[in-house]
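Work through the exercises below with the structure in view. Try each task before you read its solution.

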Amino acid sequence: MSIPQSFIQELLSRVDVVDIVGRYVPLKKGGANFMGLCPFHGEKSPSFSVSPAKQFYHCFGCGKNGNAISFLMEHAGMGFVEAVQDLAQQVGLQVPDDDISPQEKERAAAARQKQATLTDVLEKAAHAYRQHLRASTRAVAYFKGRGVSGAVAKRYGLGYAPEGWRSLASVFAHYDDPLLEESGLVIVSEEDGGKRYDRFRDRVMFPIRNVKGECIGFGGRVLGDDKPKYLNSPETPVFHKGRELYGLFEARTAIREQGYALVTEGYMDVVALAQLGFPNAVATLGTACTPEHVQKLLRFTDAVVFSFDGDAAGRRAARKALDGALPHASDTRSIKFLFLPPEHDPDSFVRAQGTDAFARCIGDAVPLSRFLVEAASEGCDLGTAEGRAHMASNARPLWSALPEGVLRRQVLSDLAQLAQLDAHDLADLWGKSAAQEAARQPA
Ligand SMILES: [Zn+2]
């Protein structure tokens, strides 16, 4: 497979070497560059420098240097083609391949073109919403009331969608452009002969950015008590809520610096936490945490803390996040679950108890292994054989979702102890019935 040089150039212009290196090496900003401990030679003080401007890394200790592709080859042990494919996938590029038909190539190119057009449209709307925020004393008062400073509002690109049905008509020359509907900004009514109107009206606006920093959608919140309180962009060719995390673009440097990512339930949590000294927070977008979300986060860090409100809904959301996290819980990763007191969300908790108390909660968060056992035991009377059997039956799919490794074995032995079984017996039992199921599948 030969890859044209022009494609390599385009690829390198789209990826960020700081992102790529940062997946493997904790980096800290130092002046124009990022510094870290060199992954190629042992050292105690950082002499490994990554330049976002030059898209290049260089070690002043051992002299290793190169770009994003050579880093993946030298550090992650990938082959050239594998490294190119890995990078291309991250930025949504298709590696040119002669095996693909011209029609397929054309379709892929058209899809990319469409995505670029949609993000341009959304970016233009985001710009207009930011302007409207400055002009609206009510919206400014809302953010001030939540303690959001001008600097944080700017970092997250916060805005305001004014009242009125067709405010965007003053932003876009052609309000009937189908792109406005496709981007989710405008709704076309089924009745009324297809009347068009703005989706977001009289709401404070949170632009949702992808990891490249492009605007791919919005979350909007009412200023008062109207319903629905939160409104998100619909699914579009550029926005898939099951894949995107609010605040990841803004938080990625802080995630590297703090060494972990904090996952919350809402965009106001993210903005408020950034204001209160936790700039490493992200949020799912009105949806349960998926394995894709977790995988995306783990590109930036090996440690994730999920924070949930302490009510029943928070508990249910945590269970879903557990399911999303299990396949990624390898031995070198740390995944934890934090439950706030029922009356609090992260914002109100930090305000009431202070940042130190919240930092302690993060430190005391429940490790995935323990939460798995708790989740399996829920509602089971472990004082009876029936209850223990029920627990084991609940635990099996959870345990099976874990990747091979030491953690998986440890959890098995914890579960066996709880079930009052020998770990070998439990492994035998689960292994055997798995083999029987496999045998029952038609070939
Ligand atoms: Zn070195």
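**Exercise 1. Which residues of helix 12 are exposed, and which are buried?**

Step 1. Ala312 and Arg316 are exposed (over 50% relative accessible area, 1.4 Å probe, protein chains only). Helices here are DSSP runs of H or I with at least four residues, and strands are runs of E with at least two, numbered from the N terminus.

Step 2. On the other side of helix 12, Gly314, Ala318, Ala321, Leu322, Gly324 and Ala325 are buried, where buried means under 20%.

Step 3. These buried residues cover an arc of only 160° around the axis, so they sit on the same side of helix 12. The arc is taken from the directions from the helix axis to the C-beta atoms.

Step 4. Their cover includes helix 11 (291-297), strand 14 (303-308), strand 15 (334-339), helix 15 and helix 16 (385-401).

A note on the source: this is a predicted model, in which local features need pLDDT of at least 70 and side-chain atom pairs count only at pLDDT 80 or more, while totals for chains, interfaces and linings use all residues. Residues are numbered from 1 along each chain as its sequence is written, and side-chain values use heavy atoms, without hydrogens and water.

**Exercise 2. Why is strand 14 described as largely enclosed?**

Step 1. Count the buried residues: six of the six in strand 14 are buried, so the rest of the structure largely encloses this strand.

Step 2. Check the directions. Ala303, Val305 and Ser307 point one way, whereas Val304, Phe306 and Phe308 point the other way. In a regular strand, side chains alternate between the two faces of the sheet.

Step 3. Find the paired strands (DSSP finds at least two bridges between them). Strand 12 runs parallel to strand 14, with three bridges. Ala261 has Val304 as its bridge partner. Strand 14 also pairs in parallel with strand 15, over six bridges. There, Phe306 partners Phe337.

**Exercise 3. Where does Thr264 lie, and what does Thr264 touch?**

Step 1. Thr264 belongs to strand 12 (residues 261-264).

Step 2. Its relative accessibility is 2%, so Thr264 counts as buried.

Step 3. Leave out residues up to four places away in sequence. Its contacts (heavy atoms within 4.5 Å) then include Asp269, Leu273, Ser307 and Pro346.

**Exercise 4. Which residues does Phe306 contact beyond four places in sequence?**

Step 1. Among them are Val263, Cys289, Val294 and Ile335.

Step 2. Look back at helix 12: Ala321 and Ala325 also contact Phe306, and both are buried.
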